[in-house]
Amino acid sequence: MGTLVRGALYVGSARKCRTLLFDRRRLFSADVIGPSPHSEHAGTAAAGHGDDELYCRLYRTHIPTSPVQKALLAAGSGVAALLDPYRHDMVAVLGETTGELALRRLRDRMRGDPEGYQILQERPRIRVSTLDLERLGAMPDGSFGREYLRFLDENGVTPDSRADVKFVDDEELAFVIQRYREVHDLMHTLLGMPTNMLGEVVVKWFEAVQTGLPMCILGAVLGPLRLSARRLQLLTATLIPWALRNGMNAHCLLNVYYEQRWEQSLESLREELGIEPPPQL
Amino acid sequence: MASSGGVARTLCRLYYRFSVCRQCQRQVPNLSKTNRFAVSTRLYSEQRSTHFGFETVSEDEKTEKVYKVFENVAQKYDVMNDAMSLGIHRLWKDALMHLMSPTPGTLLLDVAGGTGDISFRFLDYIRFRQDREARRDTLSRQSASWQEITEAYQPGQSDTQGGVQAVVCDINKEMLKVGRQRAADRGYGTGLSWVVGNAEELPFDNDKFDFYTIAFGIRNVTHIDQALQEAHRVLKPGGRFLCLEFSRVSNPLLSRVYDAYSFQLIPVLGEVIAGDWKSYQYLVESIRRFPDQEEFKAMIEDAGFFKVQFHNLTGGVVAIHSGFKL
């Protein structure tokens with residue numbers, strides 16, 4: 001399937017509906033949520049559905065949903081995530097179905113910032129295939145790249161474990177939320193928080209202030225319910241005020257082109273972004 | 001090909017009967033059939049195409065895709081059945097069993113019977129019948145005939161096939177695995193046999209079985225007529241063919257409610273419970289693609305069955321088709 005199959009269909013008047021172009025190779029290619037500058041309606045016959053109805057799939061993993069379905073998904077995934085917090089796919093679905101307004105605001109903030117705008121244009125992805133882990137490991141201690149790799153090793157996580165975006169009906173917003181998910185681990189590194197329940201709650205508070213996503217707010221409010229009393233006390237006394245302060249004062253973390261900053265030292269990056277070092281526990 | 005000024009944004013509202021572009025408020029037409037057909041003939045020039053839900057695929061591809069669907073859903077199959085049908089699927093399967101009314105000593109072939117629901121019910125029914133007979137015998141035994149005394153010395157009914165009363169056949173190994181586990185959990189050790197096989201080409205001899213059932217499986221078969229012919233082949237003369245399958249709802253109001261429920265709720269349930277939207281989307285689409293009651297009855301008659309009838313359950317949501325090989 002290396003040949004590029006183009007089917008151009010002229011849809012309606014030229015003023016409003018442009019020609020329809022489907023790129024079969026792109027639909028099967030690696031997971032870049034790429035812009036389709038030539039299409040208003042992405043063609044789907046090649047990879048997806050569509051004998052009787054046209055499903056407007058805007059990116060490879062897109063599943064179009066009606067408002068009723070989105071509401072049901074939001075409710076169902078919320079319940080499922082509460083019952084079993086290890087179901088990361090349900091947390092992801094909750095974020096996608098409830099976050100449309102917040103994602104638009106985030107996207108506008110990214111557009112307004114030069115580095116954010118560059119990210120929106122170039123669509124970088126953080127995954128094992130795009131990161132050069134050896135190069136990161138060879139960097140000096142204290143540099144951002146080295147500390148990120150240390151964080152991945154110590155906590156036993158990999159950048160490839162993020163769920164794909166399915167239910168966002170705009171491919172630019174889909175990229176924004178995908179970027180948010182991939183940057184989550186980097187936020188852990190910058191804030192110096194581990195991936196246990198306490199660390200995750202702290203990062204959720206920080207993200208709730210920074211992004212305004214309802215899923216983060218819910219996670220921040222309901223997460224502490226599962227903590228022990230001692231940790232809860234620690235959380236409310238020191239960590240939450242620190243996270244809130246940082247969330248409000250710091251630069252928007254989605255506007256940072258991390259891939260160009262691996263060599264920078266962690267301290268200087270924190271200072272640049274306005275993040276206080278984590279409190280000693 | 002004109003290019004738009006910036007990155008195009010479209011939000012298409014999807015109601016599964018039409019789609020309307022919010023920007024231009026006009027219906028978006030399908031890609032022309034010639035376009036799609038040209039693509040598929042270029043790549044699959046030998047194969048004919050068939051439907052996979054609302055998608056068009058080659059016939060080989062359909063078998064593979066259906067296999068993958070059931071491989072993915074096997075672990076959560078029973079939970080999802082209960083959730084989707086609100087437990088009513090148990091009543092449907094019980095109705096099938098009551099219609100069948102098997103007697104002890106008969107042999108069942110349950111095709112596409114993966115997780116074993118029909119076979120378990122069959123064994124239960126036979127066991128219930130045997131117990132009832134035994135109780136009646138003890139009650140009515142006042143002066144036993146020589147025949148009865150001889151039979152009383154024999155240990156229970158003689159089962160056919162060396163103890164096997166029901167054979168579960170499925171093309172998918174994962175479903176059979178789940179079925180065997182369930183059988184072990186419920187204590188159905190003897191009396192069941194598990195066979196991997198394709199409904200279009202059954203690995204059994206002619207004239208072997210008294211009953212052939214296929215519950216919610218025949219719509220996944222690529223060539224339904226071949227499956228029906230195989231059913232005719234493996235049944236004994238006098239044997240009965242029974243098919244429990246989703247069918248067409250004739251009542252228009254119920255039909256709309258059913259459609260809305262199917263398309264809006266079931267894929268959502270699939271995503272939330274099983275983490276798999278696409279398999280359950282395929283499920284509801286494949287139901288719409290299956291022929292209706294009369295058409296399917298004609299297909300069964302074409303395969304050589306006599307006295308073909310159908311019984312609608314739940315207003316036509318499911319139908320039991322039955323026919324005899326004479």
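**Annotated site, cavities and cysteines**

Let me start with His184(A), which has its place in helix H8 of chain A, the helix that runs over residues 171-191. Please keep in mind throughout that what we are looking at is a predicted model.

His184(A) is buried, because its relative accessibility is 7%, and the cut-off for buried is under 20%. Leaving aside residues up to four places away in sequence, His184(A) is in contact with Arg162(A), Glu200(A), Val203(A), Lys204(A) and Glu207(A).

Asp185(A) also lies in helix H8 of chain A, and with a relative accessibility of 3% Asp185(A) too counts as buried. Its contacts, again without residues up to four places away in sequence, are Tyr148(A), Phe151(A), Leu152(A), Thr158(A), Pro159(A) and Arg162(A).

Now, why do I take these two residues together? Both belong to the "binding site" annotation of an unreviewed UniProt entry, which covers His184(A), Asp185(A), His188(A) and Glu200(A). These residues span 17 residues in sequence, but no two of their C-alpha atoms are more than 10.2 Å apart, so they gather at one spot. From this set, His184(A), Asp185(A) and Glu200(A) are part of the lining of the largest pocket.

Let me turn to the enclosed spaces. The model has seven cavities of 30 Å³ or more, and the volume of the largest cavity is about 460 Å³. This largest cavity is lined by 30 residues, of which Ala112(B), Asp170(B), Ile171(B), Gly217(B) and Asn220(B) are the closest to its centre. Two or more lining residues come from each of helix H2 (59-73), strand E5 (108-111), helix H5 (117-140) and strand E8 (209-215) of chain B, and H2(B) contributes the most, with four residues. As for the character of that lining, 14 of the residues are nonpolar, eleven are polar and five are charged.

Finally, the cysteines. How many disulfides are there over all chains? The count is zero, and two cysteines will serve as illustrations. In chain A, the cysteine sulfur closest to that of Cys216(A) belongs to Cys252(A), and since the two are 12 Å apart, they are too far for a bond; Cys216(A) is buried, with a relative accessible area of 0%. In chain B, Cys243(B) is in no disulfide, and the nearest cysteine sulfur, that of Cys169(B), is 15 Å away. Cys243(B) likewise counts as buried, at 0% relative accessibility.

Note on methods: Residues numbered from 1 in each chain as written. Chains lettered and ligands numbered in written order. Predicted model: local features only at pLDDT ≥ 70, side-chain atom pairs only at ≥ 80, totals over all residues. Heavy atoms only, no water. UniProt positions renumbered as here; feature names shortened; annotations may be inferred. 1 Å grid on protein atoms, 1.4 Å probe; cavity = no way out; pocket = protein on both sides within 12 Å on 5 of 7 lines; lining within 4 Å. Buried < 20%, exposed > 50% of the residue type's maximum accessible area, 1.4 Å probe, protein only. Contact = heavy atoms within 4.5 Å. Points joined across faces, edges and corners; volume = space filled by probe spheres on them. Nonpolar A, V, L, I, M, F, W, Y, C, P; charged D, E, K, R; others polar. Disulfide = S-S within 2.5 Å.
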